Protein chains: 2
Amino acid sequence: MFFSLPLTSFISVCGGLLTYHVIPKFREMFIKANLFGVDLNKSSGIKVPEATGVITGCIFLMVSFIMIPFTYSDYLLEQTTTPFPHSEFVQLIAALLSISCMLLLGFADDVLDLRWRHKLLLPSMASLPLLMVYYITTNRTEIVVPTILRWLLGHSIQLGVLYYVYMGLLAVFCTNAINILAGINGLEVGQSLIIAASIAVFNLMSLSGGLAHHHRFSLYFLVPYLTTTLALLVHNWYPSKVFPGDTFCYFSGMTFAVVAILGHFSKTLLLFFIPQVFNFLYSLPQLFHLVPCPRHRLPKYSKETDTVNTSMAVFRKEEMGSLGRLSLTILSSLKLASVREYTVEVDSDKDTPTMVDMVECNNLTLINFILRLAGPMHEQTLTLTILAIQVLSSVLAFMVRYPLAYLMFGEVVA
Amino acid sequence: MFFSLPLTSFISVCGGLLTYHVIPKFREMFIKANLFGVDLNKSSGIKVPEATGVITGCIFLMVSFIMIPFTYSDYLLEQTTTPFPHSEFVQLIAALLSISCMLLLGFADDVLDLRWRHKLLLPSMASLPLLMVYYITTNRTEIVVPTILRWLLGHSIQLGVLYYVYMGLLAVFCTNAINILAGINGLEVGQSLIIAASIAVFNLMSLSGGLAHHHRFSLYFLVPYLTTTLALLVHNWYPSKVFPGDTFCYFSGMTFAVVAILGHFSKTLLLFFIPQVFNFLYSLPQLFHLVPCPRHRLPKYSKETDTVNTSMAVFRKEEMGSLGRLSLTILSSLKLASVREYTVEVDSDKDTPTMVDMVECNNLTLINFILRLAGPMHEQTLTLTILAIQVLSSVLAFMVRYPLAYLMFGEVVA
Ligand SMILES: [Mg+2]
Ligand SMILES: [Mg+2]
């Protein structure tokens, strides 16, 4: 790959400007197609187009397609004697195939409102061509064993088929992790932008190393991703004029998974996902319905003060199984959740009123967790706070990655 | 490609059964998402899910993905000494990329109701990766000159960039040609099935020739296409329980274009498109608005007799330019259209009533052309008639293809 960063950046900036220009033009079309939401944290009640991530995604694909001949022009014009890099080229096309499948499936989800089982099945399906191509071109399934375990396991282990399961799960995790850290203006797009920028910085830092070709490959996707996403963020920033939809979250997650899988830096990728990992783990009791989960877990909007505050889930104690009780006990003893038990008198015609045990608990999301600590705040401040956490965790990731790699593997592989 | 027809057929049949089983389950989801139409040729007025081609397309992609490791297993398990066919493999992935992009864009069209300029732009965009890969792997842009012109032009001409324009236009033509021969139950899916079957037969006949690898490649796509489309046809047959939508037409057109481009049989493909070519040429005056074009050009339904009949476009003569007049004159003198001119008195408050010249002309589609010749008939009979014409023109294509090729090029290239 004769990757030219200035040229790629130029074409990508054009793509970004096009995205910025085009998004408002689709407003009426989306609303007419019933693809809109009403912002629950605003009192205006106006219709906001949903799923506009499909515009970003299509322009991203267009830019990526247009860049192909430029990236390979030296081979095509026979200005080099290096043999054509077939494996890398097919990886590029397969990556675009996985991303475009995910874009299709995300858009289908926004339009048709698919079930939870589809949300887990679809990213696996979309990552299939990528895994196939990985198998055919690379099939490297060994992992290096951390130094302290080498006396037991040897220098490396061949994971074989398990490695493919791991890569498939990575795609499922990335797509859904962004999708569940959502609900306030600019958050989905903002966090994705920061993750993408962090990976891009990591790639740029590694451009002189021995694995430079992987990092150039990753930048091929991230540069157009960054410009088109930035254009979307401008429209999606508080107060949102468009919502990105599941389409955008799926598309973004798959893009990150694709570059990390083909670039062999999935562990580093997960370091950039610290807030998402926390949010995912914290959400688990509600996601698996150990604790009753309301339809929306958005923070509660107060019209009077124009602020948002922690939203609570209220339910009968009997609705919760023993695993649910256990998780709430753990969370509450670690001061990670506000849990309150109380008893209410149920209206009844009988003379002896029935007493019901109730439980009140904050909804288990990072957003509510922050509001619980910091108190009510303006929606934009909340988005900025979470994005600041995302930036800080990227800084942390950079700080720990190299020492950690040295400590665990005795060498730093960039 | 170690293409195993029995194995491919087996996986494809499973895909077809899955499609058949799954389509009715999505009914409510599509209707809830506002993706439905009301059948204008029925008096029931019930809601029929639209754009169900997206289900067929997704299962088609899934089957194609799953078939990859089986098709290349001999290389992967090192049971052959032939070097891995990188060019062919990247063509396969690129073909799937173009098809999945077209599926996405078709679905976006069904949901958002895109403009005409998008309908021309989108297939070009979706065929871009394919053309890029063609450029990189093959870049064969020469065409063989027919024998009678060789004294002037030589044995072959290098078309260069023009050849790419031709291939791009082929994708635009195939996607739109199917989309405009539509409007009665089972027609879009039926004609696509017959075209696909015809190409498949042509491929099977050529499997022993020198270009066998191209035809195996084409069958890789056509076999799963045939089974999933057949499953859709069962639900789409009169009376339709689902509509395929633009999604299906775009997806189908791109699949045909892809196999013909990569298999170098685009001229033969066009022979299987004879009814579509006629319908396209016949529609031109209305498509380019030389003659005023009503919103729908569907045949007219008569509730009493449960038949459909030619639909007419009625407009003021002054609405038509000189080119429109010319085309109607030509069509009417060739007895290809029923044109009637008359004068009506316009209601007005004045004493001297204004007289207006009016023109009445049958809508210029193959469907109306047939109804004009054969008179009113039941909708199912009409579909069967057009599909019979499609079959006959495929038979004709097979009859003329080989003698024609011999006559023009002095040899038959299978
Ligand atoms: Mg959804
Ligand atoms: Mg449409």
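What follows is a set of short questions and replies about a predicted model with chains A and B.

Me: Why is Ser393(A) called buried?
Reply: Its relative accessibility is 7%. The cut-off for buried is under 20%. Since 7% falls under that limit, Ser393(A) counts as buried.

Me: Where does Ser393(A) sit, and which residues does Ser393(A) touch beyond its neighbours within four places in sequence?
Reply: Ser393(A) belongs to helix α16 of chain A, which covers residues 379-409. Its contacts are Leu271(A), Ile274(A) and Pro275(A). Each is counted because heavy atoms come within 4.5 Å.

Me: What makes Leu187(A) buried?
Reply: Its relative accessibility is 0%. The limit is under 20%, so Leu187(A) is buried. Leu187(A) lies in helix α9 of chain A, residues 187-205. Setting aside residues up to four places away in sequence, its contacts include Asn236(A), Ile367(A), Thr383(A), Ile386(A) and Leu387(A).

Me: How far is Leu187(A) from Thr175(A), in sequence and in space?
Reply: They are twelve residues apart in sequence. From C-alpha to C-alpha, the distance is 15 Å.

Me: How do you know that α8(A) is mostly covered?
Reply: Count its buried residues. They number 15 of 20. Each of those has under 20% relative accessible area.

Me: What span is expected for helix α8 of chain A, and what span does the model give?
Reply: The helix runs over residues 161-180 and has 20 residues. At 1.5 Å a residue, 28 Å is expected. From first C-alpha to last, the helix reaches 29 Å, which is close to that value.

Me: Why is Ser327(A) called buried?
Reply: Its relative accessibility is 14%. That is under 20%, so the term buried applies. Ser327(A) is part of helix α14 of chain A, residues 322-333. Apart from neighbours within four places in sequence, Ser327(A) touches Pro285(A), Leu290(A) and Val291(A).

Me: What makes the approach of Ser327(A) to Gly324(A) a polar contact?
Reply: The side chain of Ser327(A) comes to 2.9 Å from the backbone oxygen of Gly324(A). The limit is within 3.5 Å, and 2.9 Å meets it.

Me: How do you know that Cys14(A) is in no disulfide?
Reply: A disulfide needs two cysteine sulfur atoms within 2.5 Å. For Cys14(A), the nearest cysteine sulfur is that of Cys58(A), 18 Å away. That does not meet the limit, so Cys14(A) is in no disulfide. For Cys361(B), the nearest is that of Cys293(B), 11 Å away, and again there is no disulfide. Over all chains, the search finds zero disulfides.

Me: Why is Cys14(A) partly exposed, and is Cys361(B) buried or exposed?
Reply: Cys14(A) has a relative accessible area of 36%. That lies between 20% and 50%, so Cys14(A) is partly exposed. Cys361(B) has 1%, under the 20% limit, and is therefore buried.

Me: What makes the pair Arg316(A) and Glu318(A) a salt bridge?
Reply: Their closest N and O atoms are 3.5 Å apart. The limit is within 4 Å, so the pair counts. In chain B, Glu318(B) and Arg316(B) also meet in a salt bridge, at 3.6 Å. So do Glu28(A) and Arg27(A), at 3.7 Å. The structure holds 16 salt bridges over all chains.

Me: Why is Glu318(A) called exposed, but Arg316(A) partly exposed?
Reply: Exposed means over 50%. Glu318(A) is at 61%, so Glu318(A) passes. Arg316(A) is at 36%, so Arg316(A) falls in between. In another pair, Glu28(A) is exposed at 53%, and Arg27(A) is partly exposed at 32%.

Me: How is the size of an interface often given?
Reply: It is often given as the accessible area lost when the parts come together. Between chain A and chain B, that area is about 3,900 Å². Carbon and sulfur atoms give 87% of it. The contact takes 45 residues from chain A and 45 residues from chain B.

Me: How many salt bridges and polar pairs link chain A and chain B?
Reply: There are zero salt bridges between them. One residue pair is in polar contact across the interface, with both residues at pLDDT 80 or more. On the side of chain A that touches chain B, α5(A) gives the most, with 17 residues.

Notes:
Residues are numbered from 1 along each chain as its sequence is written. Chains are lettered from A and ligands numbered from 1 in the order in which they are written. This is a predicted model: local features need pLDDT of at least 70, side-chain atom pairs count only at pLDDT 80 or more; totals for chains, interfaces and linings use all residues. Side-chain values use heavy atoms; hydrogens and water are left out. Helices (H or I, at least four residues) and strands (E, at least two) are DSSP runs, numbered from the N terminus. Buried means under 20% relative accessible area, exposed over 50%, partly exposed in between (1.4 Å probe, protein chains only). The expected span of a helix is 1.5 Å times one less than its number of residues. Buried area is the accessible area (1.4 Å probe) that two parts lose on being put together, summed over both. A salt bridge is a side-chain nitrogen of Lys or Arg within 4 Å of a carboxyl oxygen of Asp or Glu. A polar contact is a pair of N or O atoms within 3.5 Å; within protein, one must be able to donate a hydrogen and the other to accept it, and residues adjacent in sequence count only if both atoms are side-chain atoms.
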